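Thank you for making time for this today. I would like to walk through one structure with you, and I will try to say at each step what rule lies behind each term.

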Amino acid sequence: MTQDLGTDRILAISPHLDDAVLSFGAGLAQAERDGAKVTVHTVFAGTATPPFSPAAERLHSIWGLSPDEDASQRRRDEDIAALGHLGAEYRHSGFLDAIYRKVADGRWMADNVPGRQKLAIGRLSPQDDPELFSAVKDEIASVVEERDPTLILTCAAASGHIDNEITRDATLLVAREKDVPVRLWEDLPHALFAREDAELPDGFRLGAPVFGSVEEDARTRKFEALLLYPTQMRMLHGPEKDLFAQLDGHAGKNSARSGYGETTWPVISREETG
C-alpha cells in the first residue's frame, strides 16, 4: 500500500472521530506496517456543552451515554485507542460537530428523522459559514506545516454532509497551496448504500479511482480498531446488520481479485493541468 501511495509520511484529515478508520483504516494500517509515518487529524472533535439539540440528545442515548456524560470526550478516547491500534498518531481539533451547531437564524443544524436513527443535516455549502471555513483551513494549514506530509488524504464527501465538505474543500486548498499530493477516500459506510459522485470545488477534479489492496493483517487491524468505537458500533454493527460483512462485500465488488482493499481518487488541480 505504501508503494501504491508513493509516500512515507501520511496525513489523513478526518471530518469526524471514526471517519478515517471506517473509510481507509486498512490502508492506514498497511502503510504503517510498510514503514510510513501516519497521522490522523480530526477536525470536528470539539467538546460541546448543554443545551444540546434534540437530535444530539437522541444520538447520545443511542450511543449508550448517560445524560451527564461527556460525549465528545468519550468519542475522543475511543479514537485515540482505535488509531493507536492502527499504529497512527492522532490530532484532535476543537470545532464542533454539526449536531451541536446552529444555523444563522438560531435553529439547530441537525433534526431527527422520525422512526430512524438517521439525522437530517441542514443542506448548506462550506461558503455559507465563511468564518468557520477560514478557521478550519487555517488549522489544517498549521497541521500540514507541523507534520510535513508527503501525501494528504481526506474524504470525498459524496454524502453531502456539511462537515465533510468543509473538511474536504479546506484540505484541497491547503494541499494546493503547500504543493502536497492529495487523495480522497471513498466515504464508508455511506458508499455501501448510495452511489454518489463527489462535487469538488472549482479548480479541482478527480483522477481515476484506485483500489488499494491490503494484506489480511491490515484488514484485521481495521476491523479490530472499529470495535474500539463502541458508541458508533451501536449504530453500525449488531445482530441484524453485520458491518464487517458489508465492508467485505463492498471491497469484493471493487477488487479485480480476491482480498480486502479500499478505494481512493487522486485529485488534480487546474494549475496542474494548465
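I will begin with how the model was treated, then go through strand E10, the nonpolar cores, one arginine and the aromatic rings.

Please keep in mind that this is a predicted model, in which local features need pLDDT of at least 70 and side-chain atom pairs count only at pLDDT 80 or more, whereas totals for chains, interfaces and linings use all residues. Residues are numbered from 1 along each chain as its sequence is written, and side-chain values use heavy atoms, with hydrogens and water left out.

Let me start with E10, which covers residues 261-269; helices (H or I, at least four residues) and strands (E, at least two) are DSSP runs, numbered from the N terminus. Which strands pair with E10? Two strands pair if DSSP finds at least two bridges between them, and by that rule strand E7 (residues 182-185) runs antiparallel to E10 with three bridges, in which Leu184 has Trp265 as its bridge partner. Strand E8 (residues 204-206) is also antiparallel to E10, over three bridges, and here Arg205 stands opposite Ile268. Strand E9 (residues 210-213) pairs with E10 in the antiparallel sense over four bridges, with Gly212 and Glu262 as bridge partners.

E10 is mostly covered, in that seven of its nine residues are buried, where buried means under 20% relative accessible area, exposed means over 50%, and partly exposed lies in between (1.4 Å probe, protein chains only). Thr264, a residue of E10, counts as buried because its relative accessibility is 3%. Leaving out residues up to four places away in sequence, Thr264 touches Phe24, Leu153, Arg183, Leu184, Trp185, Ala208, Pro209 and Val210, a contact being heavy atoms within 4.5 Å. The side chains of Thr264 and Arg183 are also joined by a polar contact of 3.0 Å; that term stands for a pair of N or O atoms within 3.5 Å, where, within protein, one must be able to donate a hydrogen and the other to accept it, and residues adjacent in sequence count only if both atoms are side-chain atoms.

Turning to the interior, how many residues does the largest nonpolar core have? A nonpolar core is a set of buried Ala, Val, Leu, Ile, Met, Phe, Trp, Tyr and Cys residues joined through side-chain atoms within 4.5 Å, and the largest one has 36 residues, with Leu28, Leu153, Leu226 and Leu247 making the most contacts inside it. Among the elements that each supply at least two residues are strand E1 (9-14), helix H2 (19-33), helix H8 (216-226) and helix H10 (243-254), and H2 gives the most, with eight residues. A second, separate core of 31 residues includes Val136, Val144, Leu184 and Phe204.

As for H8, its buried residues are Ala218, Arg219, Arg221, Lys222, Phe223, Ala225 and Leu226, and what covers them includes H2, H4, helix H9 (230-236), H10 and E10.

Is the arginine at position 76, which lies in helix H4 (residues 71-86), buried or exposed? Arg76 is buried, at a relative accessible area of 13%. The side chain of Arg76 reaches the backbone oxygen of Ala45 at 2.8 Å, and a polar contact, also of 2.8 Å, joins the side chains of Arg76 and Thr47.

Finally, the rings. Rings of Phe, Tyr and Trp (its six-membered ring) pair if their centres lie within 6.5 Å, and planes under 30 degrees apart count as stacked, over 60 as edge-to-face and the rest as tilted; by this rule there are four aromatic pairs. One of them is tilted because the planes of Phe52 and Tyr100 stand at 55°, with the ring centres 5.7 Å apart. This pair links distant parts of the chain, since Phe52 and Tyr100 are 48 residues apart and sit in separate loops, Phe52 between strand E2 (37-42) and helix H3 (54-62), and Tyr100 between strand E3 (89-92) and strand E4 (110-112). Phe52 is buried at 15% relative accessible area, and Tyr100 is buried at 12%. Elsewhere, Phe223, Phe244 and Tyr260 form one aromatic cluster.
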